Amino acid sequence: MSSNHIATSPLGDNDHPWYGALEFRTLAETVPALLFVINRNGKAIYTNASFHRYTGMPHERVDGLGYLDVLHPEDQTRALQLWDQVAYTTEAYEVEYRIRRHDGIYRWHQVRGAPVLDANGNAVRWISVCTDIQELRTAVNAAADAHELIAVLGRSTDAIVFAKDAEGRFVFANEATLRVMEISADRLIGASVEDAANSQSDAQHIGVNDATVMANRQMIVAEERWTTKSGVEQVFRSTKGPWLRADGSVGVVGITTDITHERELEDLTREQQHDFRNLIENLPFVLWITDASGRLIIRNNLWQAHTGLPDSDAHPLTFADLVDPLDLSKFKDAWRSCIERQEIFNQIVRLRNVGGSSSVAHRIVSIPVKNRNGTINGWVGSALPVTQ
């Protein structure tokens, strides 16, 4: 059978076939799209050469309802249901089906059909064209999957995750971002940080960091501040990188972590260290702290006043440097025993004074400092002069 086979019309118009025009036959057989014609009974009465080349099915298998065999099994019932809806209307239809290629692979096609009307305005047949949209659907699905993946990742973290275009307008913001900025998604998307900020100083600093990323096209890590509507200042560590967009512009993507509590702890620690240092400097006796090996890491002013030894990290000292040579052996034996048994050191030892010209007996007490697993990580010691 020739490639321009035309099925017999069940409508009784064989003497004057609708498809007899040379123009239609030429057009239908040369278009690269799959084209077919269905009568009002839902049967195929014409399929073009592209249809047969693509599907690999001969004309005799396509005629009538045979064309349904080229559809994916899950789409065949849907196709019949659709036909029941449009068969007696004069409306065009558009639907997507999976059509089997000659190699057995199903590919998505967009099928558009338009009715052919008789003199009374009744639809007597439908001309349909199939366009391969497999790549388009794949791209759309991939984009949808990517968007959903980003959304899921954004919901699963307390970190602030966002993206801005080249103009600094938000195009994505996760729930944590909206929560911190105290704003809804419909107000933030499309807006700039200046539009949403409660402090223009905060916005200006953030904007400068964004501009740096876009201009240099390099990632930066910066500390940024955000003031809440109630006036509370929060501190964030922001990691920002360039977003090279498909249109050639450069935006910004970022992940930001709230470090307000961390900064508060650092400030508190500095205050405590300052208070501790003031305390030990005003104690009326020699006091020191060593690491696990006995190396001095903290000593108060009386240490320097009594020993005259340099108070410098460039000259690491141990407490043994202070002991009178005559007592050094006894001191080392007792100290070694305390380390092995992890006991408090308590002994009277003569300590050299400034210049080492004389020694004064002191009661030395040194207490081990242990971590949670019981390992000693340092010693805290004091020395009080005694009268023998």
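**Exercise 1. Describe the open sheet that contains β1 to β5, giving its strand order, its edges and the helix α4 that packs on it.**

Step 1. The sheet is open and has 5 strands, arranged in the order β2-β1-β5-β4-β3 with antiparallel pairing, where helices (H or I, at least four residues) and strands (E, at least two) are DSSP runs numbered from the N terminus, and two strands pair if DSSP finds at least two bridges between them.

Step 2. At the edges stand β2 (44–47) and β3, each of which pairs on one side only. Averaged over neighbouring strands and with direction ignored, the turn of one strand against the next is 30 degrees; axes are lines fitted to C-alpha atoms, for helices over the stretch in contact, and angles run from 0 to 180 degrees between N-to-C directions.

Step 3. Within the sheet, β1 and β5 are paired in the antiparallel sense over 6 bridges, and Leu-34 stands opposite Cys-130 in β5.

Step 4. Helix α4 packs on this sheet and touches β1, β3, β4 (106–117) and β5, its direction making about 155 degrees with that of β3; contact here means heavy atoms within 4.5 Å.

This is a predicted model, in which local features need pLDDT of at least 70 and side-chain atom pairs count only at pLDDT 80 or more, while totals for chains, interfaces and linings use all residues. Residues are numbered from 1 along each chain as its sequence is written, and side-chain values use heavy atoms, with hydrogens and water left out.

**Exercise 2. Which members of the largest nonpolar core touch the most other members, and which elements each supply at least two of its residues?**

Step 1. A nonpolar core is a set of buried Ala, Val, Leu, Ile, Met, Phe, Trp, Tyr and Cys residues joined through side-chain atoms within 4.5 Å; buried means under 20% relative accessible area, exposed over 50%, and partly exposed in between (1.4 Å probe, protein chains only).

Step 2. The largest core has 25 residues, and those touching the most other members are Phe-36, Leu-71, Tyr-93, Tyr-97, Ile-99 and Val-111. At least two core residues come from each of β1 (34–39), α2 (49–55), α4 (73–86), β3 (93–100) and β5 (123–132).

Step 3. When residues up to four places away in sequence are not counted, Val-111 touches Phe-36, Tyr-93, Glu-94, Val-95, Tyr-97, Ser-128, Val-129 and Cys-130. Cys-130 is itself buried, because its relative accessible area is 3%.

Step 4. A second, separate core has 22 residues, among them Phe-162, Ala-173, Ala-203 and Ile-220.

**Exercise 3. Work out the order and the edges of the sheet that contains β11 to β15, and follow its pairings.**

Step 1. This open sheet of 5 strands is ordered β12-β11-β15-β14-β13, and its pairing is antiparallel. Because β12 (296–299) and β13 (345–352) each have a single partner strand, they stand at the edges, and one side of each is left without a neighbour in the sheet.

Step 2. β11 (residues 286–291) is joined to β15 (residues 376–385) by 6 bridges, and Leu-287 stands opposite Ser-382 in β15. On the pairing of β14 with β15, which is antiparallel over 9 bridges, Val-365 also stands opposite Ser-382.

Step 3. The antiparallel strands β13 and β14 are joined by 8 bridges, with His-362 in β14 as the bridge partner of Val-349. In the hairpin of β14 and β15, where 5 residues lie between the strands, Gly-374 takes a positive phi near 90 degrees.

**Exercise 4. Locate the helices that lie across this second sheet, and characterise α10.**

Step 1. Helix α10 (residues 260–281) lies across β11 and β12, running at about 75 degrees to β12, whereas helix α12 (residues 325–341) lies across β13, β14 (359–370) and β15, running at about 155 degrees to β13.

Step 2. The 22 residues of α10 reach 32 Å from first C-alpha to last, close to the 32 Å expected at 1.5 Å a residue, the expected span being 1.5 Å times one less than the number of residues. Its buried residues are Thr-260, Ile-280 and Glu-281.

**Exercise 5. Is Cys-338 buried or exposed, and how many disulfides does the structure hold?**

Step 1. Cys-338 is buried, because its relative accessible area is 7%.

Step 2. The structure holds 0 disulfides, a disulfide being a pair of cysteine sulfur atoms within 2.5 Å.
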